[in-house]
Each structure stands twice: as structure tokens, then as C-alpha cells.
Amino acid sequence: MAVALLEEWCKMVSVDDRKSLMVIGIPADCGEPEIQAVLQEALKCVGRYRLLGKIFQKQDTTSAVLLELLEGTDMSVVPSEVRAKGGVWKVIFKTPNQDTEFLQRLNLFLEKEGQTVAGMFRALKREGVSPAATPCTSPELLAHLVGQAMVHAPRPLLPVRYSKLRVFSGSTAATPDEEPFEVWLEQATEIAKEWPIPEAEKKKWMMESLRGPALDLMHIVQADNPSISVEECLEAFKQVFGSLESRRTSQVRYLKTYQQEGEKISAYVLRLETLLRRAVDKRAIPQNIADQVRLEQVMAGANLTNVLWCRLRELKDQGSLPTFLELMKVIREEEEEEAYFEHESREEPGERQGYGR
């Protein structure tokens with residue numbers, strides 16, 4: 001980031017960024033004479049130079065200065081920091097092999113992402129860019145191409161950055177800019193699962209959206225368990241702010257769902273599974289008994305053949321409760337077998353009539 005600032009600043013004042021230094025971390029109240037005195041002593045190794053300008057950096061309330069080197073300098077002898085007023089002033093400069101390091105890091109990055117430089121050109125083929133048309137030697141050009149490839153490539157080269165969550169406070173009198181809890185929870189859960197960043201960053205991101213009682217709850221759960229995960233935090237929010245009525249409703253809706261007339265058993269089980277997962281998400285049905293509850297509801301709510309009912313009863317008695325996919329496999333097998341026999345029974349009268357003739 002600091003090197004990028006050095007490059008941009010040099011471009012603005014039309015000097016070579018390889019013959020320039022930038023010093024950052026200077027206290028804002030430090031005057032130019034004081035800065036010159038410190039740098040003249042600390043940067044004797046660079047020979048003659050001139051101070052081109054000074055800027056204030058808001059992010060850390062310090063100043064930075066740009067120096068143009070007036071003599072040929074071996075950059076390997078330039079100190080990386082200067083101890084002076086306010087602590088440490090960092091010296092930023094570009095090394096001769098910095099472009100090589102950039103190319104090495106770029107190739108390593110692309111390799112990890114399953115991409116190549118040639119792949120970037122292919123991704124940009126429609127834009128008229130190709131290895132033959134554009135020599136791939138400039139780091140600046142490659143950096144530009146990476147940015148374009150991220151837009152045009154078949155799959156993203158970097159994880160998606162998500163925007164901030166809408167505000168949620170948990171207050172009885174919600175403000176107009178707040179999200180209802182269920183909407184906020186759904187978005188937070190989805191992003192927390194997909195965003196590939198450390199848990200600490202996820203919790204910090206999550207807290208930015210919280211206000212009032214919701215923020216107080218976040219502080220409480222973190223005080224009780226500093227290593228608590230975002231998923232566990234969201235579980236705590238469900239318990240405190242989740243609708244108890246919706247839990248009961250989801251449980252009753254599941255238990256009162258039966259197979260409809262003309263509906264295949266497999267279609268019924270699929271429809272039932274959506275309601276079961278919703279009830280589990282709302283903690284209306286414990287996750288650890290979901291397989292048991294599913295099997296019992298199918299046996300009670302579906303119009304089963306004797307053979308299928310016996311197969312399911314056997315699974316239940318043996319204690320080997322099937323998962324959703326395992327249950328679907330058993331049901332589909334029975335449906336296919338039943339369809340086969342129905343087809344055979346329809347064909348038999350015609351076959352017998354043919355033999356008679």
C-alpha cells in the first residue's frame with residue numbers, strides 16, 4: 001500500500017519512483033526544519049537529495065514526505081526506518097528486484113487459483129487482447145490485466161467482498177433503517193458461511209451492524225467465551241431474538257403435513273424435508289433426532305404399500321435410521337418396482353388374448 005502511494009506521488013510530481021524515497025509516520029506537529037535535520041543525519045548514505053513535498057495522512061494522523069535522490073544510490077544500504085520524534089519513521093523505496101518479486105508473487109497467486117498468464121489473455125480474448133498483440137513484460141500491465149481477468153474470467157480469481165449488513169438492534173421500537181431479525185439473520189448466516197476470512201474478522205464485521213440490545217448480547221457472549229465462533233454467536237441470537245411463535249408454527253406445520261391425493265411418496269418426502277429443515281433451523285426440532293422424526297412422519301403421513309411399510313418398520317426397529325438421501329433411495333426403489341408390476345399387469349390381458357388367437 002505504501003509503495004503504491006510512493007508510485008502515485010512520484011507520478012503526480014513527474015519524478016522517477018526508482019530514484020525517490022518516501023518517509024512516513026512523521027508526527028503531524030513536526031516542522032520541515034526538524035524533519036530535514038533528522039533526515040540529513042539518518043540518510044547520509046544516499047548522498048544529495050531534495051525534499052519535494054509533505055502530505056498529511058488522515059488514517060493515522062501523521063505526515064509523509066517525498067524525497068528525490070540527486071545521486072546514484074545503492075538502495076540496499078538505505079535504512080528501512082528512522083528512530084526520531086514520535087517513535088519510528090518508516091522509509092519506503094523500490095528495490096531493483098521489486099518487479100521480479102511482483103512477477104513471482106503474481107505467478108504463485110495465479111497458480112493457486114488454477115490460472116495462468118495465458119489464461120488471463122484467453123479470458124480477455126473478446127476485448128482484443130492477446131499474447132501476440134501485447135507483450136507481457138510490464139508489471140503494471142500485468143496488474144491491469146489481473147484486474148480485467150477478475151471481471152471476465154469464467155470464475156472469480158478472488159473471494160467476493162460483501163457489503164455491510166443492514167443495522168439490527170433488537171429494540172422493541174425499531175428504526176426505519178433496521179432489518180427485521182429473520183431477514184438480518186438469513187443474510188448474516190449466508191455470508192458467514194461463504195466468506196473465507198478468519199473468525200475474528202467475521203465477528204468484527206458482524207458487530208458493525210449491531211446496535212442497542214443486540215450489540216450488548218454480542219459483548220456478553222464474547223465475554224463468556226472469547227473464542228466463540230460466528231456460527232455460535234448466531235445461535236445465541238436465535239435463542240434471544242428468534243420468534244418463539246414461528247418455532248411452534250414450523251413444528252406444527254411439519255407434523256400436520258400429509259401425502260396428498262395423487263402425490264408420489266418421493267414427492268411428499270421431498271416436500272416434507274423442506275419443512276423439516278426449516279423447523280430444525282428454528283430449533284423447533286433438534287438436529288440430532290431429525291432422521292428419527294423424518295422416518296416417523298413418513299410412516300404416519302404417507303399412504304405406504306405393505307412392502308414399503310415393512311421395510312421402513314424394519315429400519316426403525318433395527319435402529320439404523322436412514323438419512324434423507326438413504327430414505328429417498330429406499331422409496332424410489334419401491335416406486336420403480338411398483339410401477340414395473342403395474343406395467344406388467346396392464347400388458348398381461350393383451351398377451352393372453354394374442355396367445356388365444
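## The largest pocket and helix H7

In this predicted model, the lining of the largest pocket draws at least two residues from each of H6, H7, H9, helix H10 (244-255) and helix H11 (265-281). Among these helices, H6 gives the most to that lining, with six residues. The largest pocket has a volume of about 760 Å³, and of the 27 residues that line it, Leu 185, Thr 189, Glu 235, Lys 238 and Asp 281 are the closest to its centre. The table sorts the lining by residue class.

| Class | Residues in the lining of the largest pocket |
|---|---|
| Nonpolar | seven residues |
| Polar | six residues |
| Charged | 14 residues |

One of the helices that contribute to this lining is H7, which spans residues 199-207 and in which Lys 202, Lys 203, Trp 205 and Met 206 are buried. These buried residues lie on the same side of H7, because they cover an arc of only 160° around the axis. An α-helix has 3.6 residues a turn, so residues three or four places apart point the same way. The buried residues of H7 pack against helix H6 (181-194), helix H8 (212-224) and helix H9 (230-241), whereas the face turned away from the buried side carries the exposed residues Ala 200 and Lys 204.

Taken as a whole, the protein chain has 14 helices and five strands, and of its 357 residues 36% count as buried. Among contacts between residues at least 6 apart in sequence, 59% join residues at least 24 apart. The protein chain exposes about 22300 Å², of which carbon and sulfur atoms supply 53%.

Technical notes. Residues are numbered from 1 along each chain as its sequence is written. This is a predicted model: local features need pLDDT of at least 70, side-chain atom pairs count only at pLDDT 80 or more; totals for chains, interfaces and linings use all residues. Side-chain values use heavy atoms; hydrogens and water are left out. Buried means under 20% relative accessible area, exposed over 50%, partly exposed in between (1.4 Å probe, protein chains only). Helices (H or I, at least four residues) and strands (E, at least two) are DSSP runs, numbered from the N terminus. The arc is that of the directions from the helix axis to the C-beta atoms. Contact means heavy atoms within 4.5 Å. On a 1 Å grid over the protein atoms alone, a cavity is a set of points where a 1.4 Å probe fits but cannot get out, and a pocket is an open set with protein on both sides within 12 Å along at least five of seven lines; lining residues have an atom within 4 Å of a point. Grid points are joined across faces, edges and corners, and a volume is the space filled by probe spheres set on the points. Ala, Val, Leu, Ile, Met, Phe, Trp, Tyr, Cys and Pro count as nonpolar, Asp, Glu, Lys and Arg as charged, and the others, Gly among them, as polar. Accessible areas come from the Shrake-Rupley method with a 1.4 Å probe; for residues, only the protein chains shown count as cover.
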